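Colleague: Before I go to the bench, could you show me how to read the pockets, the strand pairing and the charged contacts in a model like this one?

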Amino acid sequence: MISMSLDDRSDRIRHDSSVTVAAQVARDIEGDIRNGRLAPDTRLPNEIDLSQQYGVARMTVRRAVAQLRDKGLVVTVHGRGSFVAPRDDQAQR
């Protein structure tokens, strides 16, 4: 299992944008997933760590992860955390 690093990403979020902060966080993580910086089965940091990393509220992170889960990019395992979902070509193996 690989874990996502906790570099500061607060400069990636624009609080004065018409795009919700949760959508911005989700879009940033989605970009890392789609370009391969976050491999399948990589565990995302917990909500508290992600909220500190992005400089946003914990509820905002919860909404962002829910958006990623709705898109099928992340799976959440109760008691274990959220992980990058396997790609379609890997799910069939």
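Modeller: Keep in mind throughout that this is a predicted model. The general idea for pockets is that rolling a probe the size of a water molecule over the atoms shows where empty space is left. Here, the lining of the largest pocket divides by residue class into six nonpolar, six polar and six charged residues.

Colleague: What is the volume of the largest pocket, and which residues lie nearest its centre?

Modeller: The volume of the largest pocket is about 270 Å³, and of the 18 residues that line this pocket, Asn46, Glu47, Thr76, Gly81 and Ser82 lie nearest its centre. Two or more lining residues come from each of helix 2 (47–54), helix 3 (58–70), strand 3 (74–77) and strand 4 (81–84).

Colleague: Which element gives the most to that lining?

Modeller: That is helix 3, which contributes four residues.

Colleague: How should I read the second largest pocket, and which residues lie nearest its centre?

Modeller: Read it in the same order, beginning with the volume, which for the second largest pocket is about 220 Å³. Its lining consists of 13 residues, and those nearest the centre are Ile33, Leu73, Ala85, Pro86 and Arg87. By class, eight residues of this lining are nonpolar, two are polar and three are charged.

Colleague: Now to the strands: do strand 3 and strand 4 run parallel or antiparallel, and how many bridges join them?

Modeller: Strand 3 and strand 4 run antiparallel and are joined by four bridges. As an example of how to follow the pairing, start from valine 75 and look across to strand 4, where its bridge partner is phenylalanine 83. These two strands form a hairpin with three residues between them, and in this hairpin glycine 79 takes a positive phi near 85 degrees.

Colleague: What about the charged contacts, and how many salt bridges does the count come to?

Modeller: The general idea is that side chains of opposite charge can pair when their charged atoms come close. In this model the count comes to 10 salt bridges. One of them joins the side chains of aspartate 28 and arginine 9, with an N to O distance of 2.7 Å. Because aspartate 28 lies in helix 1 (residues 21–34) and arginine 9 in the loop between strand 1 (2–3) and helix 1, this pair ties together parts that are 19 residues apart in sequence.

Colleague: Are aspartate 28 and arginine 9 buried or exposed?

Modeller: Both aspartate 28 and arginine 9 are buried.

Colleague: Which salt bridges does glutamate 47 form with arginine 58 and with arginine 62?

Modeller: The side chain of glutamate 47 meets that of arginine 58 in a salt bridge of 2.9 Å, N to O, and this pair links helix 2, which holds glutamate 47, to helix 3, which holds arginine 58, across 11 residues. Glutamate 47 also forms a salt bridge with arginine 62, the closest N and O atoms being 2.9 Å apart. Arginine 62 lies in helix 3 and glutamate 47 in helix 2, so this pair ties together parts that are 15 residues apart in sequence.

Colleague: How do I judge whether those side chains are buried or exposed?

Modeller: Look at the relative accessible area: arginine 62 is partly exposed at 38%, arginine 58 counts as partly exposed at 44%, and glutamate 47 counts as partly exposed at 22%.

Key
Residues are numbered from 1 along each chain as its sequence is written. This is a predicted model: local features need pLDDT of at least 70, side-chain atom pairs count only at pLDDT 80 or more; totals for chains, interfaces and linings use all residues. Side-chain values use heavy atoms; hydrogens and water are left out. On a 1 Å grid over the protein atoms alone, a cavity is a set of points where a 1.4 Å probe fits but cannot get out, and a pocket is an open set with protein on both sides within 12 Å along at least five of seven lines; lining residues have an atom within 4 Å of a point. Grid points are joined across faces, edges and corners, and a volume is the space filled by probe spheres set on the points. Ala, Val, Leu, Ile, Met, Phe, Trp, Tyr, Cys and Pro count as nonpolar, Asp, Glu, Lys and Arg as charged, and the others, Gly among them, as polar. Two strands pair if DSSP finds at least two bridges between them. A salt bridge is a side-chain nitrogen of Lys or Arg within 4 Å of a carboxyl oxygen of Asp or Glu. Buried means under 20% relative accessible area, exposed over 50%, partly exposed in between (1.4 Å probe, protein chains only).
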